[in-house]
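User: Please take a close look at one part of this model, the open sheet, and set it in the context of the chains that carry it. I would like one connected account rather than a list.

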Protein chains: 2
Amino acid sequence: MNQQHLKKDLVIIKISGNIIDDEARLEDFLKELSSVKGHKILVHGGGVMATQLAKDLGIEQKMVEGRRITDKDTLKIVTMVYAGYINKKIVAMLQANQTNALGMTGADGHCIKAHKRKSAKLDYGFVGDIDEVNNDLFLQLISQGIMPVIAPITDDGMGQLLNTNADTIAAEIAKSLSQHFNVQLVYIFEKTGVLQNAEDESTVIPNLSYTYYQQLKSRGLIFAGMIPKLDNAFTVLNSGVQKIIIGSASQLSLVLKGESGTTISKDE
Amino acid sequence: MNQQHLKKDLVIIKISGNIIDDEARLEDFLKELSSVKGHKILVHGGGVMATQLAKDLGIEQKMVEGRRITDKDTLKIVTMVYAGYINKKIVAMLQANQTNALGMTGADGHCIKAHKRKSAKLDYGFVGDIDEVNNDLFLQLISQGIMPVIAPITDDGMGQLLNTNADTIAAEIAKSLSQHFNVQLVYIFEKTGVLQNAEDESTVIPNLSYTYYQQLKSRGLIFAGMIPKLDNAFTVLNSGVQKIIIGSASQLSLVLKGESGTTISKDE
């Protein structure tokens, strides 16, 4: 356990689509992120641009049981938007703030190994589930003072690109790199944290234990989109990651200090 | 001069858009490229997809004096297509052939420093001219057995992405890395080489000296698209690059051995 004191700190930050959609907010966020010292990895989601582009091109978005299916055309669009436009826009903005960023998908340097999701119930299309994270490349880049910026696309090692959940990518990188770093995993979105009342930003839960989470969930107080995020977070917490925080883009520095947002913790 | 014997070999290959447009041909090419031993960097152009996407979205392509102007919408499209779709497709195909590729633009790791083109005559829009190549990052990646795959997009260090000529990117990387490697620069396209008769594939000029090139040009035997490519090649040849070859995608191995295509050479 004492080994942890020898490890350096690493912050892995995942930003949601709605931060990306608002250019001014994204710029402010990346400026603040650049002022944070230490090793960092940024993982970004998608935003509305892919949906809008599909609409403009007359490509129908297939939804089955509330889930989006990634068919061939949709994969093309998300690859263009996530790995192309959004990823490079973020990298250029970070460079402008003297943060030497390098944009990647899981295919690049094969930093994430994935496979096409197999499901007996439903064909999700070209959706990736993660097998393994290639720590070596991340270690090399970080040691060169480079900040990896990850778009939520992976490949299967056989030439097929795959649309992959950004929350999961952040979590898997966090778990894997916790072998080498004291990892803090931070989910950044538009709200101030996990709220007791979804309508009221002042009801942030500062510390959320697993037991308390289960209670809130059973009382129907945790809303739909938050449940997979939190389920994921608690799994990650049991896999070597030191700390998980969920907080607001506009309060990044405070979130990183644990003075804003919701810190996910194990039961005492 | 003896230092050159201590340098390792590096092949920098630029592939043209029309190879990229033909998926089967691209796959064959990348398979053959993967079988070539030694250090490699791949630079790719655009192809028709960006033009088609602009058309599908009703974005008018502005041409002034035969040159395409990169306005804001066009920049968005080329960033999506070049840095997103094409770059990641190539990377995934290379991974499938056990070549550990990493896709990048000039913005990534700030591997290429550029500025927006200034021209008193014509506003080209968001077009980049190259200032400097960051050798360190390329050296690090190459030493890790990673093959950089470069999309023709750069940034200006102030947050602005820029559309940048892929031939020029290949040439500038070749010039800069010739400080560390014996660099061979290879332009790969759909023809067998520089032809004496543009209509006849059997008229490849195996060796093209500067004097001979000037003669052919004055006789109108070198066609339009080839002139900037060759002018560029002769400039590069005087900047430390060992060898420049122009040849066909379908004969890559022979081209690299100098047994196919046109080798650009200094006058004796």
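**The sheet and its setting**

Analyst: A rotation of 180° with 0.0 Å of shift along its axis brings chain B onto chain A, with an RMSD of 0.0 Å, and that is the relation of a two-fold axis. The same surface serves both copies, since 100% of the contact residues of chain B recur in chain A. The model is a predicted one, and what follows should be read with that in mind. The residue of chain B that comes closest to the rotation axis is B:Gly84, whose C-alpha lies at 1.8 Å from the axis.

Before the sheet itself, a few words on the chain as a whole. Chain A holds nine helices and 14 strands, and its C-alpha atoms fill a box of roughly 50 × 45 × 40 Å along the principal axes. For 268 residues a compact globule would have a radius of gyration near 18 Å, and the 18 Å of chain A agrees with this. Buried residues make up 50% of the 268 residues in chain A. Among the contacts in chain A with a separation of 6 or more, 72% are accounted for by residues 24 or more positions apart.

The open sheet of chain B has eight strands in the order E5-E8-E2-E1-E11-E13-E14-E12, and its pairing is mixed. Its edges are E5 and strand E12 (207–209) of chain B, each of which pairs on one side only. On average, neighbouring strands of this sheet are turned by 20° against each other, direction ignored. In chain A, likewise, an open sheet of eight strands has the order E5-E8-E2-E1-E11-E13-E14-E12 with mixed pairing; its edge strands are strand E5 (101–104) and strand E12 (207–209) of chain A, and the twist averages 20° from one strand to the next.

Strand E2 of chain B repays a closer look, and its pairing can be followed residue by residue. Strands of a sheet pair through backbone hydrogen bonds, either parallel or antiparallel. Six bridges join strand E1 (residues 8–15) of chain B to strand E2 (residues 39–44) of chain B, and the two run parallel. Within this pair, B:Leu10 stands opposite B:His39 in E2(B), and B:Ile13 stands opposite B:Leu42 in E2(B). E2(B) is also joined to strand E8 (residues 147–150) of chain B, by two bridges, and this pair too runs parallel. Here B:Leu42 appears again, with B:Val149 as its bridge partner in E8(B). B:Leu42 is thus placed opposite B:Ile13 and is also bridged to B:Val149.

The surroundings of E2(B) fit its place in the strand order, where E2 stands between E8 and E1. Six of the six residues of E2(B) are buried, so this strand is largely enclosed by the rest of the structure. Burial applies to both of its faces: B:His39, B:Ile41 and B:Val43 point one way, B:Lys40, B:Leu42 and B:His44 point the other way, and all are buried.

Further along the order, the corresponding detail can be given for chain A. Strand E11 (residues 181–189) of chain A is joined by six bridges to strand E13 (residues 243–248) of chain A, and these strands run parallel. In this pair, A:Phe189 stands opposite A:Ser248 in E13(A).

At the E5 edge, the sheet can be related to the neighbouring chain. In all, 33 residues of chain B are in contact with 33 residues of chain A. The elements that give two or more residues to the side of chain B that touches chain A are helix H5 (72–96), strand E5 (101–104) and strand E9 (153–155) of chain B, so named among them is the edge strand E5. The largest share of that side, 13 residues, comes from H5(B). By class, the side of chain B that touches chain A has 15 nonpolar, 13 polar and five charged residues.

The loop that follows E5 also deserves mention. A:His110 lies in the loop between E5 and strand E6 (112–116) of chain A, and its phi is near 45°, a positive value in a residue other than glycine. A:His110 is buried, with 24 other C-beta atoms within 10 Å. B:His110 is found in the loop between E5 and strand E6 (112–116) of chain B; it has a positive phi of about 40° although it is not a glycine, and it is buried, with 24 other C-beta atoms within 10 Å.

Technical notes
Residues are numbered from 1 along each chain as its sequence is written. Chains are lettered from A and ligands numbered from 1 in the order in which they are written. This is a predicted model: local features need pLDDT of at least 70, side-chain atom pairs count only at pLDDT 80 or more; totals for chains, interfaces and linings use all residues. Copies are superposed by least squares on the C-alpha atoms of residues with pLDDT of at least 70 in both. Two residues are in contact if their C-beta atoms, placed from the backbone, lie within 7 Å. Helices (H or I, at least four residues) and strands (E, at least two) are DSSP runs, numbered from the N terminus. Ala, Val, Leu, Ile, Met, Phe, Trp, Tyr, Cys and Pro count as nonpolar, Asp, Glu, Lys and Arg as charged, and the others, Gly among them, as polar. The radius of gyration is taken over C-alpha atoms; the globule rule is 2.2 Å times the number of residues to the power 0.38. A residue is buried if 20 or more other C-beta atoms lie within 10 Å of its own, exposed if 12 or fewer, and partly exposed in between; C-beta atoms are placed from the backbone. Two strands pair if DSSP finds at least two bridges between them. Axes are lines fitted to C-alpha atoms, for helices over the stretch in contact, and angles run from 0 to 180 degrees between N-to-C directions.
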